[in-house]
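This report walks through one protein model, moving from single residues to the whole chain. Keep the structure open while reading.

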Amino acid sequence: MKRRIFRYLKHVFSTLLVLALIAISFGLYHGASASYGHNPKRLTFHNEGPYAFYKNDSILSVNYIKGTKEEGFYLDQKEYPIGASISASCAFPLDSTRIDFNLKTSFTSPPSLYNDGNKILAISDIESGYKTFRDFLIRSQVIDQQLNWTFGKGHLVLVGDFMDRGFSTTQVLWFIFKLEQEAAKKGGQVHFIIGNHELKNMYGDYQAASLKYTFIASILGKSQANLYDEKSVLGRWLASKNVIESINGILFAHGGLHPDIVNIDMSLDEINAFVRSTYYTAPYPKPTKEETQLLVSSKKGICWYRGYFKDDLSQEEVEQPLAKFNAKAIVVGHTLQSKVKSHYKGKVIGIDVMHPKDYHKNWPNKTSEGLLIDGNTYYRVFDDGEKKAL
């Protein structure tokens, strides 16, 4: 009897083990991971900021959070004339470093088309991982240890979703803000392409944001939607950005181009201008024209489309939108890849990989990758600065 019970339990245990291994394998294949080692500094609020808001047409309010949970929090708040030269810094608690920058208050939208033959380094879906992002750029020789631009006249292309799912959104955004200014001094370019998570934050959907930012908004006396609305500096800056750009004959967009976009008689400039006009209205109410609804749809829109990896597209359906915009290929994020890799005979390059997080570790371990384009050669770039031709 005991032997029968033992065999039965052994059979049950073996079955459960097999099912567990199948579940783990399935999860790993789809990008699942387990997090551990969460650093308590992730909820440091002292020196958090700046959070800058337009009080009116002439005054800017710049706020830093001070204090601790035990002693209470307060705001270090100063007001400046809009247009004044404002020196600002953003603290990063994890390694006690900071980002120093000039807090500009007016913004113009960048061009949609560039053609200069200079190098391009693209990375996407950093998702609030400031340290990962910073260290990747240092090792890729885009910046030095002091965060100064060293990429010459090159293009750094950030292909969306640099916000949410982490504790360093503010640091990431001000870092990009600084990089733009640093690059311009040396003749380089930083292209911040809007992704669906930037869109979500502009129109008030903060479900994917860390609870940290709910606390921050409360301390500021704001709602969370106010952090990136039209009365905030970061909001106006984000609202000036494009959803798609062509650089040296290659398109960059967070999601991609649905095949039906060939039926829309709009240039890249016109598409960007139209989508920018919807940043604070969300996908609803829908635009009255059915064809322009395609541009902002949460399934088929440029910031949301996953069809290259989820639909059964023909080569022709992929290439026709590229031909419409005289492009050799398109580089996209948004849909997770096991590594930076090309699809559809090199016409689509997916660069969304699972990056490490600032304040916890993961099993299995994650490593960053980006895409370097030098002339007609494409490279995977690793987080140690090494590269490998695609």
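C303 counts as buried, because its relative accessibility is 3% and buried means under 20%. C90 is buried as well, since its relative accessibility is 0%. How many disulfides does the structure hold? The structure, which is a predicted model, holds 0 disulfides. A disulfide is a covalent bond between the sulfur atoms of two cysteines.

**Helix 2 and the loop before it**

Helix 2 runs over residues 130-139 and is mostly covered, with 8 of its 10 residues buried. The buried residues of helix 2 are Y130, T132, F133, R134, D135, F136, L137 and I138. This list has charged side chains in it: Arg counts as positive and Asp as negative, and both R134 and D135 are among the buried residues. After helix 2 comes Q141, which has a positive phi near 60°.

On the other side of helix 2 lies S128, in the loop that links strand 8 (120-123) to this helix. Is S128 buried or exposed? S128 has a relative accessible area of 2%, so it is buried. Which residues does S128 contact, apart from its neighbours within four places in sequence? They are F162, M163, D164, G166, F167, S168, T169, V172 and D358. One of these partners, D164, stands 36 residues from S128 in sequence, yet their C-alpha atoms are 5.8 Å apart in space.

**Helix 3 and the loop before it**

Two of the contacts of S128, T169 and V172, have numbers that fall within helix 3, which spans residues 169-185. K178 also belongs to helix 3. Why is K178 called buried? Its relative accessibility is 9%, and the cut-off for buried is under 20%. Leaving out residues up to four places away in sequence, K178 touches I99, D100, F101 and L147.

The loop between strand 9 (155-159) and helix 3 contains D161. D161 is not a glycine, but its phi is positive, near 60°. With a relative accessibility of 3%, D161 counts as buried.

**Strand 17**

I373 sits in strand 17, residues 369-374. A relative accessible area of 3% makes I373 a buried residue. Its contacts, not counting residues up to four places away in sequence, are K119, I120, I250, F252 and Y378. I120 has a number within strand 8 (120-123), so a contact of I373 leads back to the strand that precedes the loop of S128. I373 and D125 are 248 residues apart in sequence, with 18 Å between their C-alpha atoms.

**Strand 2 and the loop before it**

Where is the cis peptide bond? The bond from G49 to P50 is cis, with omega near 0°. P50 is part of strand 2, which covers residues 48-54. N47 lies in the loop between strand 1 (34-36) and strand 2. Although N47 is not a glycine, its phi is positive, about 70°. N47 counts as partly exposed, because its relative accessibility is 27% and the partly exposed class lies between 20% and 50%.

The table collects the accessibility values of some of the residues described above.

| Residue | Relative accessibility | Class |
|---|---|---|
| C90 | 0% | buried |
| S128 | 2% | buried |
| C303 | 3% | buried |
| D161 | 3% | buried |
| I373 | 3% | buried |
| K178 | 9% | buried |
| N47 | 27% | partly exposed |

**The whole protein**

The protein has 10 helices and 19 strands. Its radius of gyration is 23 Å, close to the 21 Å that the globule rule gives for 390 residues, so the protein is as compact as a globular protein of that length. Along the principal axes, the C-alpha atoms fill a box of roughly 85 × 60 × 45 Å.

Of the 390 residues, 50% are buried. Among contacts with a separation of 6 or more, 67% are between residues 24 or more positions apart. The contact of S128 with D164 is one such case, as these two are 36 residues apart.

The protein exposes about 18800 Å², and carbon and sulfur atoms supply 51% of this area. It carries 47 positive and 40 negative charges, and the mean positions of the two groups are 8 Å apart.

Key: Residues are numbered from 1 along each chain as its sequence is written. This is a predicted model: local features need pLDDT of at least 70, side-chain atom pairs count only at pLDDT 80 or more; totals for chains, interfaces and linings use all residues. Side-chain values use heavy atoms; hydrogens and water are left out. Helices (H or I, at least four residues) and strands (E, at least two) are DSSP runs, numbered from the N terminus. The radius of gyration is taken over C-alpha atoms; the globule rule is 2.2 Å times the number of residues to the power 0.38. Buried means under 20% relative accessible area, exposed over 50%, partly exposed in between (1.4 Å probe, protein chains only). Contact means heavy atoms within 4.5 Å. Accessible areas come from the Shrake-Rupley method with a 1.4 Å probe; for residues, only the protein chains shown count as cover. The place of a charge is taken as NZ of Lys, CZ of Arg, CG of Asp or CD of Glu. A disulfide is a pair of cysteine sulfur atoms within 2.5 Å.
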